[in-house]
Amino acid sequence: MSNFWSTVASRTEPYVPGEQIDQEDIIKLNTNENPYPPSPKVIDAISKELDRKLNLYPSPTADQLKAEIAAYHNLSQDNIFVGNGSDEVLAFSFMAFFEPGKAIRFPAISYSFYPVYAKLFNISYEEVPLNRDFTIPVEAFFQSEGGVIFPNPNAPTSIYMDLDGVTEILENNPDQVVIIDEAYIDFASESATSLIHKYDNLLIVQTLSKSRSLAGLRVGFAMGNSDLIEALTRIKDSFNSYTLDRLAIAGAEAAVKDTEYFTATIEKVIHTREWVIAEMKKRGFHVLPSQTNFVFACHYNKTAEELYTKLKQDSVLVRHFKKPAIDNYLRITIGTDENMEIFFEKLDRIMNAEKSRS
Ligand SMILES: Cc1ncc(COP(=O)(O)O)c(C=O)c1O
């Protein structure tokens, strides 16, 4: 810490993202990226935009992109806010809807950026323990003092809460904003977007990073009542007018329009996920019921730390969180079928080497 640091710089505890290793032969299953490239139409749109006017600022409102997102979700443009990855949209949401001095609630096992934002913006929080089966205890989120935020499906558990649970949380927090972080919703049963017209306290945040294969482009968005969207716009316009660059806007528009490619990619990931779950169970893993593009699993007699380390030595990266209650679990992103076959080959080698030694 330096004498020159502000109290904000001093009190924050920055988020640590999953490792990004630049090595050709690595099987990267640690940050929930999509193993498939984005739609060819995205590349085309970005190339065309590159030929245009990068010397000029992009649209500060990105209206065309908002219109595409609104059309896809059966909403109107004033229900949509866009930003530089959903992380930025989440950060703006903390500023727009949560108040210092009024404790917000989120699950104790959840996206680890939430406590980081809370500390950054000086917002107190209660971490609600999960049920023994890692589901979110719905009633524990009723009557929060300052608001609620949780991912649905939850990360890193991969478990989905049905819309009855979501509705109960909304109805029991009528004066607070409930933020649902739907980063992985396209791999799950049903989004809560249909509830936006009924609940003016509902904000849904989604991303193009996972299901649309665009983690590198950094585009996320929020959907909600127009009053909530206006608050987010006020924050953005007090921070940076152009959070999305020209290439991101062009690529994102093309991605949202290409429903056919999107649906086919999701189907492939879900198909592989179901196969991976079955294969892991055969090998003695306990796998939580996943509705995401990753699985969360532990082995009955191998520690997660050992498996993580040995897989890494063999060029397979998965995610291990050294956190109470989940430190014996591994979070494994679903790759292509080929990626996952190599993963199982290497896993089996590690498990069999252990067996022959004991
Ligand atoms: C639950 C959750 N929310 C939000 C994000 C952020 O996504 P992005 O900033 O890439 O849109 C992630 C990324 O892993 C996530 O797991």
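**Exercise 1.** How much area do domain 1 and domain 2 bury between them, and what percentage of it is on carbon and sulfur atoms?

*Solution.* The model is predicted.
Step 1. Take the bounds from the domain assignment: domain 1 comprises 21–36 + 260–353, and domain 2 comprises 40–257.
Step 2. The contact draws on 26 residues from domain 1 and 23 residues from domain 2.
Step 3. The two domains bury about 2,100 Å² between them, with 63% of that area on carbon and sulfur atoms.

**Exercise 2.** Describe the polar links between the two domains and the make-up of the side of domain 1 that touches domain 2.

*Solution.*
Step 1. Between domain 1 and domain 2 the salt-bridge count is zero.
Step 2. Nine residue pairs, both at pLDDT 80 or more, are in polar contact across the two domains.
Step 3. On the side of domain 1 that touches domain 2, α9 (259–282) and β10 (294–299) each supply at least two residues. The most comes from α9, with seven residues.
Step 4. By class, this side of domain 1 has 14 nonpolar, eight polar and four charged residues.

**Exercise 3.** Explain why helix α5 counts as largely enclosed by the rest of the structure.

*Solution.*
Step 1. Helix α5 spans residues 113–120, and six of its eight residues are buried, so the helix is largely enclosed by the rest of the structure.
Step 2. The buried residues are Phe 113, Tyr 114, Pro 115, Val 116, Tyr 117 and Ala 118.
Step 3. Their cover includes helix α4 (85–97), along with strands β3 (104–107), β4 (125–128), β5 (148–151) and β6 (178–181).
Step 4. After α5 comes Asn 122, with a positive phi near 65°.

Note on methods:
Residues are numbered from 1 along each chain as its sequence is written. This is a predicted model: local features need pLDDT of at least 70, side-chain atom pairs count only at pLDDT 80 or more; totals for chains, interfaces and linings use all residues. Side-chain values use heavy atoms; hydrogens and water are left out. Domain bounds come from an automatic or database domain assignment. Contact means heavy atoms within 4.5 Å. Buried area is the accessible area (1.4 Å probe) that two parts lose on being put together, summed over both. A salt bridge is a side-chain nitrogen of Lys or Arg within 4 Å of a carboxyl oxygen of Asp or Glu. A polar contact is a pair of N or O atoms within 3.5 Å; within protein, one must be able to donate a hydrogen and the other to accept it, and residues adjacent in sequence count only if both atoms are side-chain atoms. Helices (H or I, at least four residues) and strands (E, at least two) are DSSP runs, numbered from the N terminus. Ala, Val, Leu, Ile, Met, Phe, Trp, Tyr, Cys and Pro count as nonpolar, Asp, Glu, Lys and Arg as charged, and the others, Gly among them, as polar. Buried means under 20% relative accessible area, exposed over 50%, partly exposed in between (1.4 Å probe, protein chains only).
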